[in-house]
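Subject: Structure for you to look at

Hello,

Please find the structure below, with the sequence beside it. Have a look at it before you read my notes.

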Amino acid sequence: MKKFWLMKSEPGEVSVDDALAAPQSTVPWTGVRNYQARNFMRDGMEVGDGVLFYHSSCAEPGIVGIARVASGAHTDPTQFDPDSPYCDPASKPEAPRWLLVDVQVVQKTRNLTLPELRADADLQDLLVLKKGNRLSITPVEPAHWKAILRRLGVSN
């Protein structure tokens, strides 16, 4: 069964426009350095799963695009790059600690802002809205996915 995810990216790192400009509108989701988020990619995500592309750490955080998981989990090369802010000297090539999936943007949307999400009674249990949730990747319930697509005017 298809699953759904919300994946946060800082626009200064990779924006929805950057992803759309990439070959096949696909970018590697590098830099995840949280074990739970890594495990979502490794154990939960499958090619074709739906993704809500979310801009975080910006003036107006919110959902800015619809995407899909475009690859299975594989090694994140930034962990071995000493010039990368995501370098992890404890991670070894023979036993990489950090993974990524490739994400393909299907459609850019208007920014469905955090206040709009909070104001929607159908989305009160959306994990990104939970107090203290700082994860960059969270699962999204099918009912929440449908409600968000409806708010964006996007067909499923």
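What follows is a short account of the sheet, two of the helices, the salt bridges and the cysteines.

Please keep in mind that this is a predicted model.

The sheet

An open sheet is built from six strands, in the order β2-β7-β4-β3-β1-β8, and the pairing is mixed. The edges are taken by β2 (26-28) and β8 (137-140). Each of these two has a single partner strand, so one of its sides has no neighbour in the sheet. On average, neighbouring strands are turned by 35° against each other, direction ignored.

For a closer look at one pair, take β3 (residues 50-55) and β4 (residues 62-69). They run antiparallel and are joined by six bridges. Within this pair, phenylalanine 53 stands opposite glycine 65 in β4.

The helices

Helix α2 (residues 35-44) packs on the sheet, where it touches β1 (4-9) and β8. The direction of α2 makes about 50° with that of β8.

Helix α4 covers residues 142-152. Which residues of α4 are buried? They are His144, Trp145, Ala147, Ile148, Leu149 and Leu152. When you look at their spacing, remember that an α-helix has 3.6 residues a turn, so residues three or four places apart point the same way. The cover over the buried residues of α4 includes the strands β1, β3, β4, β7 (102-113) and β8, as well as helix α3 (114-119). Just after α4 comes glycine 153, which takes a positive phi of about 70°.

The salt bridges

Side chains of opposite charge can pair when their charged atoms come close. How many salt bridges are there in the whole structure? The search finds nine.

One of them joins the side chains of arginine 97 and aspartate 88, at 3.2 Å from N to O. Are the two partners buried or exposed? Aspartate 88 has a relative accessible area of 12% and is therefore buried, whereas arginine 97, at 27%, counts as partly exposed.

Glutamate 116 takes part in two of the bridges I want to point out. With arginine 110, the side chains meet at 3.0 Å, N to O. With arginine 151, the closest N and O atoms are 3.8 Å apart. The pair of glutamate 116 and arginine 151 links distant parts of the chain, since glutamate 116 is in helix α3 and arginine 151 is in helix α4, 35 residues apart. Salt bridges with shared partners join Arg110, Glu116, Asp120 and Arg151 into one network. Three members of this network count as partly exposed: glutamate 116 at 22% relative accessibility, arginine 110 at 39% and arginine 151 at 35%.

The cysteines

A disulfide is a covalent bond between the sulfur atoms of two cysteines. How many disulfides does a search of the whole structure find? The result is zero. Cysteine 58 is partly exposed, with a relative accessibility of 27%. Cysteine 87 is partly exposed too, with a relative accessible area of 27%.

If you want a place to start, go to helix α4: its residue arginine 151 forms the salt bridge with glutamate 116 in helix α3, and α3 is among the elements that cover the buried residues of α4.

Regards

Key. Residues numbered from 1 in each chain as written. Predicted model: local features only at pLDDT ≥ 70, side-chain atom pairs only at ≥ 80, totals over all residues. Heavy atoms only, no water. Disulfide = S-S within 2.5 Å. Buried < 20%, exposed > 50% of the residue type's maximum accessible area, 1.4 Å probe, protein only. Pairing = 2+ DSSP bridges. Helix = DSSP H or I, 4+ residues; strand = E, 2+ residues; numbered from the N terminus. Axes fitted to C-alpha atoms, helices over the stretch in contact; angles between N-to-C directions. Contact = heavy atoms within 4.5 Å. Salt bridge = Lys/Arg side-chain N within 4 Å of Asp/Glu carboxyl O.
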